[in-house]
Amino acid sequence: MAVANFPALQFKTCDIFRSTPKCFKLLPLQKTNLFVKTLVVEAKANTRTESAKIRNRRMLKKFNGTPRRPRLSVFCSEKQLYAMLVDDKNKKCLFYGSTLQKSIRDDPTCTTIDAAKRVGEELVKTCIDLNINEISYYDRNGFARGERMQAFEIAIANYGFLPT
């Protein structure tokens with residue numbers, strides 16, 4: 001806390017304005033307390049990823065997976081793709097596949113885009129085995145459709161999985 005003390009200021013009008021020869025005395029200023037507070041500005045930054053995550057959380061409240069209509073959750077990192085069929089009612093994962101799995105990568109060695117397509121094909125095979133004909137919600141976790149995501153989507157769209 002800073003306190004400022006100012007003495008009475010005396011000026012002559014001839015010193016200030018230099019036009020009138022009269023001089024007068026100003027009234028003394030009262031003592032004032034000056035409080036210095038730092039101004040903190042907090043702005044909520046709505047970047048594209050933050051708003052996409054918020055939107056995704058809001059959609060998860062509406063769409064819940066069941067054993068017959070599971071939720072398809074796909075996460076795409078910088079190099080890999082991960083896909084899950086989730087039964088939210090029983091809190092179980094019905095299928096998990098990623099481009100890192102040796103069974104998908106090793107047949108003939110392939111790029112991550114080809115591996116993403118194979119993950120989609122494995123997902124379709126698992127859905128046929130589990131007698132799943134449709135999914136309740138396709139959850140991309142707010143990520144844009146890159147090359148790996150498009151290859152995965154083409155593989156599952158041929159089966160008729162993507163909701164319109």
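Here are some questions and answers about helix H4 and residue Gln80 in this structure.

This is a predicted model, where local features need pLDDT of at least 70, side-chain atom pairs count only at pLDDT 80 or more, and totals for chains, interfaces and linings use all residues. Residues are numbered from 1 along each chain as its sequence is written, and side-chain values use heavy atoms, leaving out hydrogens and water.

Q: How far apart are the end C-alpha atoms of helix H4?
A: Helices here are DSSP runs of H or I with at least four residues, and strands are E runs of at least two, numbered from the N terminus. The expected span is 1.5 Å times one less than the number of residues. For the 18 residues of H4 (residues 112-129) that gives 26 Å, which agrees with the distance in the model, 25 Å.

Q: Are H4 and H5 roughly parallel or roughly antiparallel?
A: Let's take the angle between their axes, which are lines fitted to C-alpha atoms over the stretch in contact (heavy atoms within 4.5 Å), on a scale from 0 to 180 degrees between N-to-C directions. H4 and H5 pack at about 30 degrees. Angles under 35 degrees count as roughly parallel, over 145 as roughly antiparallel, 65 to 115 as roughly perpendicular and the rest as oblique. So H4 and H5 are roughly parallel.

Q: Is Gln80 buried or exposed?
A: Gln80 sits in the loop between E5 and E6, and its relative accessible area is 12%. Buried means under 20%, exposed over 50%, and partly exposed in between, using a 1.4 Å probe and protein chains only. So Gln80 is buried.
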